[in-house]
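User: Please take a close look at one part of this model, the helix that carries a buried acidic residue without a partner, and set it beside the cavities and the salt bridges.

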Amino acid sequence: MSSLTIVRKKSTESVTSSMNDFMPINGTDYVEFYVSNSKQAAHFYKSALGFHSLAYSGLETGNKKTESYAVAQGKIKFVFTSPLHSGTEIGIHIDQHGDGVKVTALWVDDATLSFNEAISRGATPYLSPTKEEDEFGYVVRSGIYAYGEVVHIFVERSKYHGVFLPGFKPWKTLYNPESTGLEYVDHMVGNVELGHMNKWVKFYQEVMGFKQILSFDDKDISTEYTALMSKVMSNNNGKIKFPINEPAAGLKRSQVEEYLDFYEGEGVQHIAMATHDIIKTVSQLKARGIEFLQVPDSYYDNLVERIGSIEEDIELLRDLNILVDRDEEGYLLQIFSKTVQARPTLFFEIIQRKGATSFGKGNFKALFEAIEREQALRGTL
Ligand code: FE2
């Protein structure tokens, strides 16, 4: 009897908390990058990261303004968009920022309601609720501005059965390299200007109904030279996690400042993608040419003493340079790529969670020293 009572109480609590959630989000829908050559970018994400061809919009679908290629792997959908002529908003975005993330799209049940809730709480509109349809049904999208020029687009797609979005046709190609095992977006990190972190924490709390689940200050995240502060925002069901970084005072130019200088503004710093087999995923990515940050070999010398016993072979982790951290709930394995475009801005994290819900705080020092070695090579430290 008593266990039944507990179950009933738990389920009432979860119903209450989801009823209070004015911004329910089912997960990440897609991430759109504005890039100078969408065709070649999509090829890189297929060949080097194991995405497969999903959908295309451009001259062949009657779109005379932009060329977009959508690729997918697991639940992750990336879209690469380039303008087809000069003087466009996308072209100006690329001129200022280089290649980068413009849209983080969120999958919702009601894009009109999400938009109205956000606007009534002070969000700046980007796209009014718009119904788009084709022979496969309809999608409603709406959007609001976030930090920098990044926007969140709400996607309502329960009445749509096409391959991606109206306006896109299936992108059929014989070349679809094997997946590398990437499954879903675990978190997406934004870099904001000095003094702006709390403004954006407030935005996610008040406009989006997110909660702050963690915070790191310069005592947690500092090396001899540089420092940063970070707060992690999460939506109600934990499927969307947006850490927000701002630079802190250090002796030299921090990685966040380097990003802000080269991106010429605030933007998405890294996208963490989850795998269920990080050893296999990272082996594949390395074989296909993805370069990762390197921590010193000594990191592995007393790893078990530091984080306790783990299932993976430490020597394999050492060979691949995969990092490990533990929290109260379990452990996680993670690795960070070098930046992936001409400017030292966006990079990727590959993460495998084995119970841990945190972000690898124990690895920050070793990682930031590795980033500083890269900055020193670039002459930007
Ligand atoms: Fe991360």
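Analyst: What follows starts with one helix, moves to the cavities, and ends with the salt bridges.

The model is predicted. The helix in question is α10, which spans residues 364-378 and contains Glu372. Glu372 is buried, yet it has no salt bridge. The nearest side chain of opposite charge belongs to Arg373, and it is 7.4 Å away. A salt bridge here requires a side-chain nitrogen of Lys or Arg within 4 Å of a carboxyl oxygen of Asp or Glu, so a separation of 7.4 Å does not qualify. Leaving aside residues up to four places away in sequence, Glu372 touches Thr223, Tyr225, Thr226 and Leu381.

Helix α10 also takes part in the cavities. The model has 2 cavities of 30 Å³ or more. The largest cavity holds about 260 Å³ of space. Its lining consists of 20 residues, and those nearest the centre are Asn245, Gln269, His270, Phe364 and Phe368. Two or more lining residues come from each of β10, β12 (227-234), β13 (241-248), β14 (267-275), β17 and α10. Helix α10 gives the largest share of this lining, with 4 residues. By class, the lining of the largest cavity has 13 nonpolar, 6 polar and 1 charged residues.

The second largest cavity holds about 170 Å³. Its lining is made of 15 residues, with Glu258, Thr339, Phe347, Ile371 and Arg378 nearest the centre. Helix α10 contributes at least two residues here as well, as does α6 (255-263). This lining divides into 5 nonpolar, 6 polar and 4 charged residues. Helix α10 therefore supplies at least two residues to the lining of the largest cavity and at least two to that of the second largest.

Now to the charged side chains that do pair. The structure holds 15 salt bridges. One of them joins Arg353 and Asp186, whose closest N and O atoms are 2.7 Å apart. Arg353 lies in strand β17 (residues 347-354) and Asp186 in strand β10 (residues 182-191), so this pair ties together parts that are 167 residues apart in sequence. Both strands are also among the elements that give two or more residues to the lining of the largest cavity. Asp186 is buried at 4% relative accessibility, while Arg353 is partly exposed at 22%.

Another salt bridge is made by Glu315 and Arg318, with the closest N and O atoms 3.2 Å apart. Both residues sit in helix α9 (residues 314-320), and because they are 3 residues apart, about one helical turn separates them. Glu315 is partly exposed, with a relative accessible area of 43%, and Arg318 counts as buried at 19%, since buried means under 20%. The pair belongs to a network of salt bridges that links Asp297, Asp301, Glu315 and Arg318.

The side chains of Arg141 and Glu132 also meet in a salt bridge, at 2.9 Å from N to O. Arg141 is buried, with a relative accessible area of 15%, whereas Glu132 is partly exposed at 21%.

To return to the helix, Glu372 is a buried residue of α10 that has no salt bridge, while Asp186 is buried and is paired with Arg353.

Note on methods:
Residues are numbered from 1 along each chain as its sequence is written. This is a predicted model: local features need pLDDT of at least 70, side-chain atom pairs count only at pLDDT 80 or more; totals for chains, interfaces and linings use all residues. Side-chain values use heavy atoms; hydrogens and water are left out. Buried means under 20% relative accessible area, exposed over 50%, partly exposed in between (1.4 Å probe, protein chains only). Lys and Arg count as positive and Asp and Glu as negative; His and the chain ends are not counted. Contact means heavy atoms within 4.5 Å. On a 1 Å grid over the protein atoms alone, a cavity is a set of points where a 1.4 Å probe fits but cannot get out, and a pocket is an open set with protein on both sides within 12 Å along at least five of seven lines; lining residues have an atom within 4 Å of a point. Grid points are joined across faces, edges and corners, and a volume is the space filled by probe spheres set on the points. Ala, Val, Leu, Ile, Met, Phe, Trp, Tyr, Cys and Pro count as nonpolar, Asp, Glu, Lys and Arg as charged, and the others, Gly among them, as polar.
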